[in-house]
Amino acid sequence: MSFDWPYHPLYDKLSEKASLLLPKIGFEKIKSRDGQMLFISKEKVLITIQHGGYDMPYIYIGNKKNTKLLSPNCILEYYLNKSTPIFRKYSELKSFYDFEYEYEFLKEYVDEILNILEFPKSYLEWEKTRDYETILELIRNQNN
C-alpha cells in the first residue's frame with residue numbers, strides 16, 4: 001500500500017544523503033517505501049528515516065526487537081559521553097539537516113550504541129529518571 005505523504009523536502013534530502021553516507025560505515029539499504037527508508041549493518045543495527053508529514057523527518061536507531069529505541073541527538077550524546085562535542089560542532093556550523101551530524105554521531109558512538117541495543121535496561125532507566133530541562137541546561141552551558 002502506498003501513502004500520499006504531505007511533502008517535507010528534508011525527507012528527500014536526508015534520505016539521499018543517508019544513502020550515500022551509511023554504506024561507508026557498513027550499512028545497506030533494505031527498504032525504501034511508504035515514507036520510510038531503512039538501513040541495516042552487519043551487526044544488525046537498524047537506521048530508520050521516517051517521513052514526518054509536515055513535521056521534520058524522524059531518524060531512529062534500533063534493532064529488530066526495538067526499531068525505534070534511540071535517536072541521534074544531544075541528549076543521547078550526553079548520556080554516552082557526558083559532553084556533546086559532535087552536537088556542539090554542528091550547532092556552531094548550523095548544519096543539522098543534511099545527515100552529516102547523524103553520520104558522524106554513528107561513526108563515533110557505534111560501540112556504545114551496540115551496547116545499548118544489546119542491554120537497553122540501564123539506558124531506559126536513565127531516560128525515565130532524567131530531567132531533560134536540567135540536561136539541556138548542562139548542554140547549553142558546555143556550549144558557552
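Q: How many bridges join S2 to S3, and do these strands run parallel or antiparallel?
A: Start with the general idea. Strands of a sheet pair through backbone hydrogen bonds, either parallel or antiparallel. In this predicted model, S2 and S3 run antiparallel and are joined by five bridges. One pair to look at is Ile 40, which stands opposite Leu 46 in S3.

Q: What do S2 and S3 form, and how many residues lie between them?
A: They form a hairpin, with four residues between the strands. Look at the turn. Lys 44 has a positive phi there, of about 70 degrees.

Q: Which residues of S3 and S4 stand opposite each other?
A: S3 covers residues 46–50 and pairs with S4 in the antiparallel sense, over five bridges. Leu 46 stands opposite Gly 62 in S4. Ile 49 stands opposite Ile 59 in S4. Leu 46 also stands opposite Ile 40, on the S2 side of the pairing.

Q: In what order do the four strands lie in the sheet?
A: The order is S1-S2-S3-S4, the sheet is open, and the pairing is antiparallel. S1 (27–33) and S4 (58–62) stand at the edges. Each has a single partner strand, so one side of each is left without a neighbour in the sheet. From one strand to the next, the twist averages 15 degrees.

Q: Which residues of S3 point one way, and which the other way?
A: The rule first. In a regular strand the side chains alternate between the two faces of the sheet. Now the case. Leu 46, Thr 48 and Gln 50 point one way from S3. Ile 47 and Ile 49 point the other way. All are buried. With five of its five residues buried, S3 is largely enclosed by the rest of the structure.

Q: Which strands does helix H1 lie across, and which does H4 lie across?
A: H1 (residues 9–21) lies across S1, S2, S3 and S4. It runs at about 20 degrees to S2. H4 (residues 100–118) lies across S3 and S4, and runs at about 40 degrees to S4.

Q: Is Gln 36 buried or exposed?
A: Check the relative accessible area against the cut-off: under 20% counts as buried. Gln 36 has 14%, so it is buried. This residue lies in strand S2.

Q: What does the side chain of Gln 36 make a polar contact with?
A: The partner is the side chain of Lys 31, at 2.9 Å. Leaving aside neighbours within four places in sequence, Gln 36 is in contact with Tyr 11, Lys 31, Thr 48, Ile 49, Gln 50 and Lys 68.

Q: Which residues of H3 are buried, and where do they sit around the axis?
A: Use the helix rule. An α-helix has 3.6 residues a turn, so residues three or four places apart point the same way. In H3, the buried residues are Ile 86, Phe 87 and Tyr 90. They cover an arc of only 100 degrees around the axis, which puts them on the same side of H3. The buried residues of H3 pack against H2, H4 and helix H6 (132–142). Just after H3 comes Lys 94, with a positive phi near 55 degrees.

Q: At what angle do H2 and H3 pack?
A: H2 (residues 74–81) and H3 (residues 85–93) pack at about 145 degrees, with their axes 8 Å apart. H2 makes the contact with Cys 74, Glu 77 and Asn 81; H3 makes it with Pro 85, Ile 86 and Phe 87. By class, the contact has four nonpolar, one polar and one charged residues.

Notes
Residues are numbered from 1 along each chain as its sequence is written. This is a predicted model: local features need pLDDT of at least 70, side-chain atom pairs count only at pLDDT 80 or more; totals for chains, interfaces and linings use all residues. Side-chain values use heavy atoms; hydrogens and water are left out. Two strands pair if DSSP finds at least two bridges between them. Helices (H or I, at least four residues) and strands (E, at least two) are DSSP runs, numbered from the N terminus. Axes are lines fitted to C-alpha atoms, for helices over the stretch in contact, and angles run from 0 to 180 degrees between N-to-C directions. Contact means heavy atoms within 4.5 Å. Buried means under 20% relative accessible area, exposed over 50%, partly exposed in between (1.4 Å probe, protein chains only). Ala, Val, Leu, Ile, Met, Phe, Trp, Tyr, Cys and Pro count as nonpolar, Asp, Glu, Lys and Arg as charged, and the others, Gly among them, as polar. A polar contact is a pair of N or O atoms within 3.5 Å; within protein, one must be able to donate a hydrogen and the other to accept it, and residues adjacent in sequence count only if both atoms are side-chain atoms. The arc is that of the directions from the helix axis to the C-beta atoms.
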